[in-house]
Amino acid sequence: MTPLRRDIAASIALVAAMAVVPLIFDTRYVITQLTVFFIWGIVVTQWNLVLGVAGIFSLAQMALFAVGAYGTAMLAYYGGMAMVPAMVIASLATVGVSLVIGFACLRLKGPYVALLTLAIAQMLYLIVVNDTGCFTNPPSGCLPLLGGVRGFSRFGDLGFRDLLGSKWFVGHYYVGLGLLLVAQVFCAFLIRGPLGLAFRALRDNPGYAMSRGVGRLKYQLWVFGLSAFFTGLAGAFYVAHFGVVGPIVFSVSMLLFLLAMIVVGGMGTVWGPLLGAAVLMIADEGLREVGDWREIGLGLVLAGFVILLPRGLVGLRRR
Amino acid sequence: MTTTDPPLLVCDSVAKSFGSLTAVRQLSFTAGRGEILGVGGPNGAGKTTLFEVMSGLNPATSGRVLLEGRDITHASPEAICHAGIARTFQLNACFDSLTVRENVEVGAIFGRSGRMLPNLRPSPEMQQATDDALDLVGLSARQGLVAGSLPVLDRKLLMVAGAMATRPKLLLMDEPVGGLTHAETDLMMATVRRIAATGVTIILIEHVMRFLVALSDRVMILHHGERIYEGSAAGLVQDRRVIDVYLGEGASARLAALLREGRHEPA
Ligand SMILES: Nc1ncnc2c1ncn2[C@@H]1O[C@H](COP(=O)(O)OP(=O)(O)OP(=O)(O)O)[C@@H](O)[C@H]1O
Ligand SMILES: [Mg+2]
């Protein structure tokens, strides 16, 4: 079996196993936490394409997620659009934003990419929270165009409340699972195929790759654009699932949490990011009681892996 | 090769400066189809810079480079690769985390054309080009190894395979035997001969004169970015300027002996 077939088979097996979970436990908490795992799973698999596979140190991932999330919320809130078309349009808009970011980073190396993308993310955050003028005045009070510090809520959903009643969250669980399956299979295709080869070649040695016919501009835009679609879609689904979105999606601790998932699991590998997401979300459950120590623990885990296990948990097996 | 063939490559008054330093000055030369052109000269003569210019990684300050009559002076490295020039590097370049096979596949998949989106999987021709290139340099048995772990000879061979997988018309080799042992040098020599036999034109930079004179149809010696000699390998040892600035008396005498021996060898 080729590695790609193995990855696809593993993805399907995993999803099949996950699909029976709601039939066994229907505790809302468990199902909802798993749905959140699916969302972060999508984000980290896509971020890994840019960060691990293409080796471009972009920290704009949560800003892209936010574009998908805010885009969906605003289309639904202001435009009264149904959730699904709003999610698709917002995801496409995320691709557009990502292409601009990819283009801006083209001539930059390593840490400068990290600085520029972080600056872009911060700028978007500041635009959102500093926007305080009332754009509309709903009964809940003044609402700035971009939602301000409060963000958006009350804008339609995926319709599972009508369909499944009190078990609506099970509907979201399956939607999230389906999206994760598609995102993961897409990643496996990309990493194992010619596009992934181009990304990895440029990561290892850009000058050499260019002299072997791999155009840097073209493939940098491909990786930014492709990974942005599912990232935007994850943001859109987050909005549909929670029914709210606020500036918290830009928080640095969120960004670090997701980065840690990739590093712990194994950067640049097909399965590392998902494994890391699972491990860190379980660890996070455990650390919930210790409050402030959570962030410190997270920082320590991240530092420990970078120093001791730079290839992550997946790298352990290969040695 | 007949003299009426237009040359494959024409460099016309090519110059390259880095600020106030002129690494290549007004250099004009041609390479004919199927020819092996050897390039020598002291350290810092501008040999590698000439390759940087031809391969588009560091374009010329002035002058023109033509491949089959097409101006490629300011084309991007990838476009020049697609046009048919492949090079190897003096400092062994490779994709360290990729396998040997993947290293060669990069050339086979991306080296031929600049399509917007590559195939979902390598086409049979690309697979074939990869297999052929690996066979050519004798790395087929090691194709699953991670390239970063290879010893120096294999890294050099891998670079050659990666270049050949692009199916070039012109192969630029920058010190292919620098740092290799005598036996390894012979192995590389046999490899270069196999490549030349397929009709690929080769420009070869090398300090190892034994290698350079054995392979080159014609030799060009550079010094301070200028050509001080162009002609047969045998003529090198009679050229006062080449002996003075590059070979030295001792090496020149040894080379002359080598050339005499070579002449008695059965072809
Ligand atoms: N990117 C660069 N920036 C500035 N100077 C450069 C650059 N590349 C080369 N040079 C200078 O240009 C001159 C020619 O260098 P080049 O590497 O072409 O020499 P070479 O003939 O290949 O020498 P060697 O035999 O040592 O490889 C040298 O003086 C070198 O310092
Ligand atoms: Mg050199």
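# Notebook: domains, chains and a ligand

I opened with chain B, where the domain assignment gives domain 1 (9-84 + 168-261) and domain 2 (95-165). I note here that the model is predicted. The C-alpha centres of these two domains of chain B lie 25 Å apart. I then listed who touches whom: 16 residues of domain 1 of chain B meet 14 residues of domain 2 of chain B.

**Entry: inside chain B**

I looked up the buried area between domain 1 and domain 2 of chain B and got about 1200 Å². Carbon and sulfur atoms give 75% of that area. I searched for salt bridges across this interface of chain B and found zero. Polar contacts do turn up there: five residue pairs, both partners at pLDDT 80 or more.

Which elements of chain B give two or more residues to the domain 1 side? I wrote down helix H2 (77-83), strand E7 (170-174) and helix H6 (182-197) of chain B. H6(B) has the largest share, with six residues. I sorted the domain 1 side of chain B by class and counted ten nonpolar, three polar and three charged residues.

**Entry: ligand 1**

I went to ligand 1 next and found 14 residues around it. The closest are B:Lys47, B:Thr48, B:Thr49, B:Gln90 and B:His207. I checked polar side-chain atoms against oxygen atoms of the ligand. For B:Thr49 the distance is 2.5 Å. For B:His207 I read 2.7 Å, and for B:Gln90 2.8 Å.

**Entry: chain A against chain B**

I turned to the contact between the chains, which takes 23 residues from chain A and 36 residues from chain B. Chain A and chain B bury about 2300 Å² between them, with 65% of it on carbon and sulfur atoms. I asked which three residues of chain A supply more than any other three of the area it buries against chain B. They are A:Pro194, A:Tyr208 and A:Arg212, with 31%.

How many salt bridges does the rule find across the interface of chain A and chain B? I got one. The side chains of B:Glu102 and A:Arg200 form it, at 3.0 Å from N to O. I also recorded nine residue pairs in polar contact across this interface, both at pLDDT 80 or more.

On the chain A side, helix H8 (194-204), helix H9 (206-211) and helix H10 (216-242) each supply at least two residues. H8(A) brings the largest share, eight residues. By class I tallied eleven nonpolar, six polar and six charged residues on the side of chain A that touches chain B.

**Entry: inside chain A**

I closed with chain A, which is assigned domain 1 (3-250) and domain 2 (252-319). Their centres, taken over C-alpha atoms, are separated by 19 Å. The contact takes 31 residues from domain 1 of chain A and 20 residues from domain 2 of chain A.

I found about 2200 Å² buried between these domains of chain A, and carbon and sulfur atoms give 78% of it. A:Phe37, A:Trp40 and A:Val44 supply 24% of what domain 1 of chain A buries against domain 2, more than any other three residues. I found zero salt bridges across this interface of chain A. Seven residue pairs are in polar contact there, both at pLDDT 80 or more.

Helices H1 (3-24), H2 (28-53), H5 (110-130) and H7 (168-192) of chain A each supply at least two residues of the domain 1 side. H2(A) gives the most, with 14 residues. By class, I logged 21 nonpolar, eight polar and two charged residues on the side of domain 1 of chain A that touches domain 2.

Notes. Residues are numbered from 1 along each chain as its sequence is written. Chains are lettered from A and ligands numbered from 1 in the order in which they are written. This is a predicted model: local features need pLDDT of at least 70, side-chain atom pairs count only at pLDDT 80 or more; totals for chains, interfaces and linings use all residues. Side-chain values use heavy atoms; hydrogens and water are left out. Domain bounds come from an automatic or database domain assignment. Contact means heavy atoms within 4.5 Å. Buried area is the accessible area (1.4 Å probe) that two parts lose on being put together, summed over both. A salt bridge is a side-chain nitrogen of Lys or Arg within 4 Å of a carboxyl oxygen of Asp or Glu. A polar contact is a pair of N or O atoms within 3.5 Å; within protein, one must be able to donate a hydrogen and the other to accept it, and residues adjacent in sequence count only if both atoms are side-chain atoms. Helices (H or I, at least four residues) and strands (E, at least two) are DSSP runs, numbered from the N terminus. Ala, Val, Leu, Ile, Met, Phe, Trp, Tyr, Cys and Pro count as nonpolar, Asp, Glu, Lys and Arg as charged, and the others, Gly among them, as polar. A residue is near a molecule or strand if one of its heavy atoms lies within 4 Å of it.
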